Amino acid sequence: AEVVTTSICDSSQSHSAIVYSKDNVAIHPTQYASERISGRLRLIKQDSALFLSWIPYKASSSISGISEKDRKLYTIKLVALSDVRSIRRHTPTLGWQYVIIVLSSGLAFPPLYFYNGGVREFCQTLKRYVLIKRSEDDANVFLMNDFQDPLQRSLSSLELPRAVSIAKGTPHNSVGSISSLHSSDMVNGISSAMTSGVSEYGGRQKHKVHDPARDISIQVLEKFSLVTKFARETTSQLFRESNGFNPYEKKQKNNYAPAATGSPKETQTISDLIPESSDPAEINKLPLIWGKQRQSPLCLEEWAAFIDTEGRIIDSESLKKRIFYGGVEHNLRKEVWKFLLGYHEYNSTYAERDYLASIKKSEYETIKSQWQNISAIQAKRFTKFKERKGLIEKDVVRTDRSISYYDGEDNPNVRLLHDILLTYSFYNFDLGYCQGMSDFLSPILFVMEDESESFWCFVALMERMGPNFNRDQNGMHAQLFALSKLVELLDYPLHNYFKQADCLNYFFCFRWILIQFKREFPYEKIMLLWEVLWTHYLSEHFHLYMCVAILKQYRRKIMDEQMDFDTLLKFINELSDHIDLDRTIREAEALCVLAGENGAASIPPGTPPSLPIDMGLSDD
């Protein structure tokens with residue numbers, strides 16, 4: 001690479017040089033290949049230190065559909081290679097090469113796609129200036145920096161891959177690298193850890209089924225939290241260095257009052273939404289908003305009024321608004337959920353839906369037969385199939401067994417969970433199966449009570465939620481990043497506390513986001529919450545405002561007790577079944593309205609579950 005003398009910062013008189021520069025390196029903010037942000041990747045050497053930067057091109061060189069604000073969100077100004085834990089290289093036979101850069105904090109930048117090649121030269125340049133070691137577990141993972149210093153020894157002592165392996169029932173003695181957290185093991189391990197259902201309110205909750213494998217998997221995240229103690233400022237630097245884009249900069253000087261901690265009737269106030277100010281006139285200027293009163297569920301008579309004589313939904317937006325404020329009576333969910341999930345189009349007729357059901361049932365049986373017809377001899381040579389099948393078999397027998405629908409030995413509904421999940425792994429072979437997917441399918445099968453319809457509704461849901469389970473964890477990181485921005489916007493003192501406590505990665509909210517609060521509320525309540533979220537009425541990211549609302553409810557306790565990451569993680573897990581759902585929805589609604597356009601601008605484009613739900617299911 002051409003060596004150019006430059007200055008890393010105006011105040012620095014040190015000699016610096018660009019030792020690697022590559023054009024047309026792109027980031028994909030959405031699932032569409034055409035919607036990419038191209039830029040220039042550089043490695044800059046200053047004295048003995050090496051820095052990485054990725055700067056997007058100006059608007060004239062980008063796709064017109066991507067705004068300037070969106071492009072700036074992804075800018076990587078300068079990152080010291082000493083803050084990088086590992087780099088994963090992907091060189092597929094077909095498709096573009098890309099790398100994923102993982103920081104010591106556990107956060108990862110979006111994949112950098114090399115459209116004109118250059119991954120090998122990039123790695124070779126790194127080797128000249130940084131101590132790199134190829135991972136013993138994965139030849140495509142390169143571990144960075146001095147492996148004999150105290151930090152690296154501490155990271156190695158976390159034994160994260162071993163904890164993941166134990167959670168999956170395959171213990172081994174080798175200690176792998178933390179970089180494997182960004183493989184499918186990381187997704188499966190943390191999914192298992194965050195969905196383990198451990199409670200400290202008198203021990204494990206009685207209605208939960210005791211599972212030693214899931215108990216031990218919580219160690220993955222608990223040990224992972226220790227990383228933050230050795231990576232101070234790394235995460236905050238990642239959030240801070242988004243090229244200075246800050247759509248809510250003026251609001252940061254406000255101090256937001258703590259949320260009330262009384263009963264729901266005692267907390268119907270806007271005190272936690274109004275900044276503390278010495279000038280009453282300033283407070284009076286603020287809109288006095290509060291989440292609207294929750295309504296009774298949508299009943300059969302109301303539902304019938306939304307349907308014309310041929311079966312079309314007359315006013316889909318009014319229907320979604322009605323469901324947002326009250327949910328759906330259980331006997332209607334089988335029909336209504338198909339619309340909310342996108343399996344049925346709102347303008348489809350009875351006849352069209354009947355025809356779709358018959359076509360999709362046949363299509364489902366065809367996909368299912370693909371794995372049913374695999375012989376024992378074939379299975380021995382089909383490692384991926386055996387791995388996924390084994391993981392599904394372990395998961396379904398411990399999914400919602402406290403619910404009578406799945407209770408008991410040799411329960412046929414548990415077998416249906418297994419068959420649908422294994423069929424989905426063949427339908428979407430790239431994504432396959434990860435722990436946490438069974439949590440999404442369970443309520444759908446409970447409501448639909450039909451194997452084929454449950455499968456296609458699950459497919460529709462995974463079109464939105466699938467990025468939560470991607471190997472590179474981009475979906476989860478994007479949502480955690482957006483959550484940090486929303487907390488910074490709506491409760492800056494709390495966000496600042498998290499910054500001081502090295503909690504800016506917001507991993508303590510991982511379980512909430514990964515499976516959409518599935519473990520935080522009783523079964524009936526979670527179906528109501530999902531109906532609210534699926535409407536996308538106020539925001540397609542309403543679940544993030546739910547996170548903010550819960551954090552605000554307990555902000556005073558968190559800050560007064562000066563919780564560190566470990567204490568905060570334990571406290572958050574103990575909130576399971578102790579959160580008032582109606583109150584939280586109302587507060588999230590108020591926060592969403594209060595945030596307005598600034599809130600929407602804080603969420604990067606393509607953040608799940610904003611993916612389109614039109615899958616062409618009715619085009620057959």
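Let's start with K320, which is buried at 14% relative accessibility; buried here means under 20% relative accessible area, exposed over 50% and partly exposed in between, using a 1.4 Å probe and protein chains only. K320 forms a salt bridge with E317, and their closest N and O atoms are 3.0 Å apart. By salt bridge I mean a side-chain nitrogen of Lys or Arg within 4 Å of a carboxyl oxygen of Asp or Glu. E317, for its part, is partly exposed at 47%. Why are K320 and E317 separated by about one helical turn? Because they sit 3 residues apart in helix α10, residues 316-326. Helices are DSSP runs of H or I with at least four residues, strands are runs of E with at least two, and both are numbered from the N terminus.

A word on the source: this is a predicted model, where local features need pLDDT of at least 70 and side-chain atom pairs count only at pLDDT 80 or more, while totals for chains, interfaces and linings use all residues. Residues are numbered from 1 along each chain as its sequence is written, and side-chain values use heavy atoms, with hydrogens and water left out.

Staying with charges, the structure holds 24 salt bridges. One of them joins E520 and R511 at 2.8 Å, N to O. Both ends are covered: E520 is buried at 1%, and R511 is buried at 2%. Salt bridges with shared partners also link K368, R415, D419 and E451 into one network. Then there is D308 with R312, at 3.9 Å from N to O. D308 is partly exposed at 26%, and R312 is partly exposed at 30%.

Now for a lysine without such a partner. Which side chain of opposite charge is nearest to K22? That is E121, 6.3 Å away, and K22 is buried with no salt bridge. For charge, Lys and Arg count as positive and Asp and Glu as negative, leaving out His and the chain ends. K22 lies in strand β2, residues 16-27, and its side chain reaches the backbone oxygen of N116 at 3.5 Å. Setting aside neighbours within four places in sequence, K22 has contacts (heavy atoms within 4.5 Å) that include G39, R40 and F114.

G39 takes us to the strands, since G39 stands opposite P56 in β4. Strand β3, residues 37-46, pairs with β4 in the antiparallel sense over 8 bridges; pairing requires DSSP to find at least two bridges between the strands. Their hairpin has 2 residues between the strands, and D47 there takes a positive phi near 55°. On β4 itself, residues 49-56, 6 of the 8 residues are buried. β4 also runs antiparallel to β5, residues 76-80, with 3 bridges joining them, and W54 stands opposite I76 in β5.

More on phi, then. Most residues other than glycine have a negative phi. E449 has a positive one of about 55°, in the loop between α16 (437-448) and α17 (451-465), and E449 is exposed at 59%. D577 has a positive phi near 70°, in the loop between α24 (565-574) and α25 (581-601); D577 is partly exposed at 26%.

Last stop, helix α19, residues 492-500: P493, L494, H495, Y497 and F498 are buried there. Following α19 comes D502, with a positive phi near 60°.

Key: Polar contact = N/O pair within 3.5 Å; in protein donor to acceptor, adjacent residues only side chain to side chain.
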